[in-house]
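Subject: A structure to look through

Dear colleague,

I am handing over the structure below, together with some notes on what was found in it. Please keep it open beside this email while you read, so that you can follow each residue as it is named.

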Amino acid sequence: MRSWDTTTADYERSFGALCAGTIERILDDAEGPRLLDVGCGTGELAARAVARGSQVVAVDSAPSMVRRAREVIDAAAAAGGPGAGEVREAELPDLPFADAAFDAVVANFVVNHVPRPLDAMREIARLLRPGGTATTTIWPAGGGGWQELVGGAFAAAEVVAPPSTRLPADLDFARTPRGLADLAERAGLRVVLSEELHWTWEVGIEDLWAGIACGIATQGQTYLAQAPQIRRRVEEEYRRRAAGLAGEDGPLRFASTAVRTLARAPHGGA
């Protein structure tokens with residue numbers, strides 16, 4: 001497992017900013033004041049929920065993420081956000097809360113990373129009050145536009161892919177709107193909608209490279225698995241290609257896609 005102690009800041013400036021592209025639409029789904037943010041990362045979603053007036057509990061499995069999320073959420077409250085928030089260290093599928101403790105549970109790009117997705121979704125369902133909402137997002141099969149840039153640099157540098165870390169077939173699910181909806185239904189939730197979200201991610205050349213170079217995402221882990229001379233070639237290729245895409249002093253802009261599913265707990269209980 002990756003240690004986030006030295007990579008939290010690089011995540012925040014790179015892929016954390018990418019993940020933030022879905023936040024407002026996720027919060028639009030949430031009903032009721034008691035909100036649980038599962039896998040909160042650096043706390044941006046929870047902080048925006050506090051600014052909207054929610055009573056937020058945010059959890060993450062990485063201590064450094066918990067520390068940073070606490071800073072971000074406290075800053076939102078200090079800025080006059082009408083809500084309140086707390087952060088705890090915890091991990092799906094074993095969260096330290098009573099049944100039906102929350103009006104809404106959100107999991108932004110979390111279910112696609114856990115080793116037992118169905119167990120994780122069942123835990124989300126357990127924590128919802130009857131009629132409460134669960135919003136989950138995942139990255140779809142095929143990835144985002146930024147992967148073409150990084151993948152091209154990998155190919156030019158003759159990167160050798162490490163062994164696959166894909167889940168076994170009996171634990172995995174299709175990374176599509178229907179696949180995520182099926183997972184929610186198997187967990188006992190009633191799916192309201194399951195769809196793709198689209199937005200444009202703007203990121204600096206150095207910011208994206210920081211995420212790759214410290215080992216974030218599959219591409220980052222692949223990069224770190226290479227010999228030093230291959231890593232140098234990857235960086236050279238990345239910078240050359242990124243400069244051509246960004247133009248003079250401009251950010252990179254990538255078309256980005258996520259899958260979002262909104263579901264409800266049955267009124268008879270989750």
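A good place to begin is strand 2 (residues 55-60), which is mostly covered, since five of its six residues are buried. Please bear in mind throughout that this is a predicted model.

Strand 2 has a parallel partner in strand 1 (residues 34-38), to which five bridges join it, and within this pairing L36 has V57 as its bridge partner. Between these two strands the chain passes through helix 4 (residues 44-52), and the resulting β-α-β crossover is right-handed. Strand 2 also runs parallel to strand 3 (residues 84-89), with six bridges joining the two, and here V57 has E86 as its bridge partner. A right-handed β-α-β unit is made by strand 2, helix 5 and strand 3.

Helix 5 (residues 63-78) leads us to the charged side chains, because both R68 and E71 lie in it, three residues apart, or about one turn of the helix. An α-helix has 3.6 residues a turn, so residues three or four places apart point the same way. The side chains of R68 and E71 meet in a salt bridge, with N and O 2.9 Å apart. Are these two residues buried or partly exposed? R68 has a relative accessible area of 29% and is therefore partly exposed, and E71, at 49% relative accessibility, also counts as partly exposed.

A search of the whole structure finds 28 salt bridges, and a few others deserve a careful look. R239 forms one with E206, the closest N and O atoms being 2.4 Å apart. Because R239 lies in helix 11 (residues 228-246) and E206 in helix 9 (residues 205-213), this pair ties together parts that are 33 residues apart in sequence. R239 counts as partly exposed at 27% relative accessibility, and E206 counts as partly exposed at 43%.

The salt bridge between the side chains of R260 and D29 (3.2 Å, N to O) is another to find. This pair links distant parts of the chain, with R260 in strand 7 (residues 252-264) and D29 in helix 3 (residues 23-29), 231 residues apart. Why does R260 count as buried? Its relative accessible area is 9%, and buried means under 20%, whereas D29 counts as buried at 10% relative accessibility. Elsewhere, a network of salt bridges links E24, D28, E44, R48 and R52.

R260 also appears among the contacts of T136, a residue of strand 5 (residues 128-138). T136 is buried, with a relative accessible area of 2%. Leaving aside residues up to four places away in sequence, T136 touches A107, V111, M121, I124, L180, V259, R260 and T261.

The last element to look at is helix 7 (residues 146-156), in which W146, L149, V150, G152, A153 and F154 are buried. Which parts of the structure do the buried residues of helix 7 pack against? They pack against helix 2 (15-19), strand 6 (190-203), helix 9, helix 10 (217-224), helix 11 and strand 7. Helix 7 is followed by E158, whose phi is positive, near 60°.

With best wishes

Technical notes
Residues numbered from 1 in each chain as written. Predicted model: local features only at pLDDT ≥ 70, side-chain atom pairs only at ≥ 80, totals over all residues. Heavy atoms only, no water. Helix = DSSP H or I, 4+ residues; strand = E, 2+ residues; numbered from the N terminus. Buried < 20%, exposed > 50% of the residue type's maximum accessible area, 1.4 Å probe, protein only. Contact = heavy atoms within 4.5 Å. Salt bridge = Lys/Arg side-chain N within 4 Å of Asp/Glu carboxyl O. Pairing = 2+ DSSP bridges. Right-handed = clockwise from strand over helix to strand, strands pointing away.
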